[in-house]
Amino acid sequence: VGYFTPIQSLATEVFGASGFALGPWETFWVLFYGFATYGNAGYMREQVCKYMCPYARFQSAMFDKDTMIVSYDTGRGEPRGDGRALHRMSQATRARGVAPVSVGKGDCINCTLCVQVCPTGIDIREGLQYECIGCAACIDVCDSVMDKMNYPRGLIRYATQNGMEGGWSAARMWRRVARPRVLVYSAVLLAIGVAFVTSLALRSPFKADVVRDRAALARTVEDGRIENVYRVQLMNSTEAAQRFHIEVAGLPEAVVTSHADVDVAATQARWVALSVQMPPQAARALGAGVHPMQVRITLKTGTEDGTVLNEKSTFVVPR
């Protein structure tokens with residue numbers, strides 16, 4: 001909610017000396033997001049990861065057999081041992097430190113802790129599944145079991161499918177990182193990052209939008225002057241209040257007769273009515289019809305003083 005309402009003001013309204021003073025919409029959204037957070041993280045939990053999170057859907061399109069994923073070493077772990085071995089090491093057929101080969105088993109003692117700690121409830125021993133979020137909780141708990149059994153760590157580890165099938169070393173798997181798929185993804189990510197930084201560096205401290213007043217395209221006022229009225233929206237994107245000067249260009253002797261100087265608060269937008277007038281002799285010289293012009297807006301305060309923005313518009317001379 002603090003994204004839409006300034007966070008300092010929001011905190012004051014909630015925790016200030018005057019007590020709880022949120023407006024109706026702010027109260028609604030605080031309750032809505034609180035309810036949504038509890039529903040997602042406290043009630044639905046892993047169902048969000050399985051059916052709502054988009055990550056599981058697009059990761060399959062990005063993966064290949066050389067992608068580092070959480071993997072179970074089937075060749076080393078199978079056949080699985082007695083699930084009671086961890087709790088009955090003194091009585092089990094496989095006690096701590098007993099070589100799995102001597103009892104015809106693999107390193108996996110079938111304790112199922114990897115399934116119990118998985119936030120989405122999958123069994124990583126069944127292979128890659130779209131529900132896996134790569135949290136590596138199964139790796140940590142499996143390593144702790146291997147330590148207790150005096151077996152080497154890494155029964156569940158980060159590896160690639162090709163690496164697992166071919167028995168590759170970690171160094172050989174990492175050498176496959178610089179492949180076309182990864183290079184293309186890296187180039188796209190780099191381009192997005194450069195574009196983002198460039199847009200921040202070159203962004204204008206303000207924006208403007210000029211809209212003609214459709215109620216009266218043109219009218220004749222005192223002294224026979226021709227007047228057009230516009231609505232100008234000024235958007236201050238800086239963290240300080242700014243003053244803007246508005247003038248017109250491209251029309252002979254045209255002047256702004258209202259709101260030539262406008263103050264806009266920090267990070268705020270303001271609509272102002274703009275009146276542009278032209279002497280009758282200049283209007284006759286132009287002739288009846290629609291004539292192009294520019295509304296020139298100049299920033300007059302702050303570190304960006306002198307920044308100019310030109311917005312195209314038109315001036316109508318009646319018949």
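Here are a few worked exercises on the structure above.

The model is predicted, so local features need pLDDT of at least 70 and side-chain atom pairs count only at pLDDT 80 or more, while totals for chains, interfaces and linings use all residues. Residues are numbered from 1 along each chain as its sequence is written, and side-chain values use heavy atoms, with hydrogens and water left out.

**Exercise 1.** Work out which residues have the most contacts inside the largest nonpolar core.

*Solution.* Start with the term: a nonpolar core is a set of buried Ala, Val, Leu, Ile, Met, Phe, Trp, Tyr and Cys residues joined through side-chain atoms within 4.5 Å. Buried means under 20% relative accessible area, exposed over 50%, and partly exposed in between (1.4 Å probe, protein chains only). Next, look at the largest core, which has 27 residues; Leu234, Ile246, Leu274, Val276, Ile297 and Phe315 have the most contacts inside it. Among the elements that each supply at least two of its residues are strands E3 (206-212) and E5 (226-236), plus helix H11 (280-286). Helices (H or I, at least four residues) and strands (E, at least two) are DSSP runs, numbered from the N terminus.

Now zoom in on Ile246. Skip its neighbours within four places in sequence, and its contacts (heavy atoms within 4.5 Å) include Leu234, His259, Leu274 and Ile297.

**Exercise 2.** Find which strands form the edges of the open four-stranded sheet.

*Solution.* First get the order: E8-E6-E10-E11, with antiparallel pairing. Two strands pair if DSSP finds at least two bridges between them. E8 and E11 each pair on one side only, making them the edges. Then check one pair: E10 and E11 share 10 bridges in the antiparallel sense, and Arg296 has Asn310 in E11 as its bridge partner.

**Exercise 3.** Sort the side chains of E3 by face, then say which face is buried.

*Solution.* Walk along the strand and the side chains alternate. Phe206, Ala208, Val210 and Arg212 share one face and are buried; Lys207, Asp209 and Val211 take the other and are not. E3 runs antiparallel to E5, joined by seven bridges, and Ala208 is partnered with Leu234 in E5.

**Exercise 4.** Compare the span of helix H2 with the expected one, and find where H2 bends.

*Solution.* H2 (residues 24-44) has 21 residues. The expected span is 1.5 Å times one less than the number of residues, giving 30 Å, and H2 reaches 28 Å from first C-alpha to last, close to that. The bend, about 25°, is at Tyr38; it is the angle between axes fitted to the seven residues ending there and the seven starting there. After H2 comes Arg45, with a positive phi near 50°.
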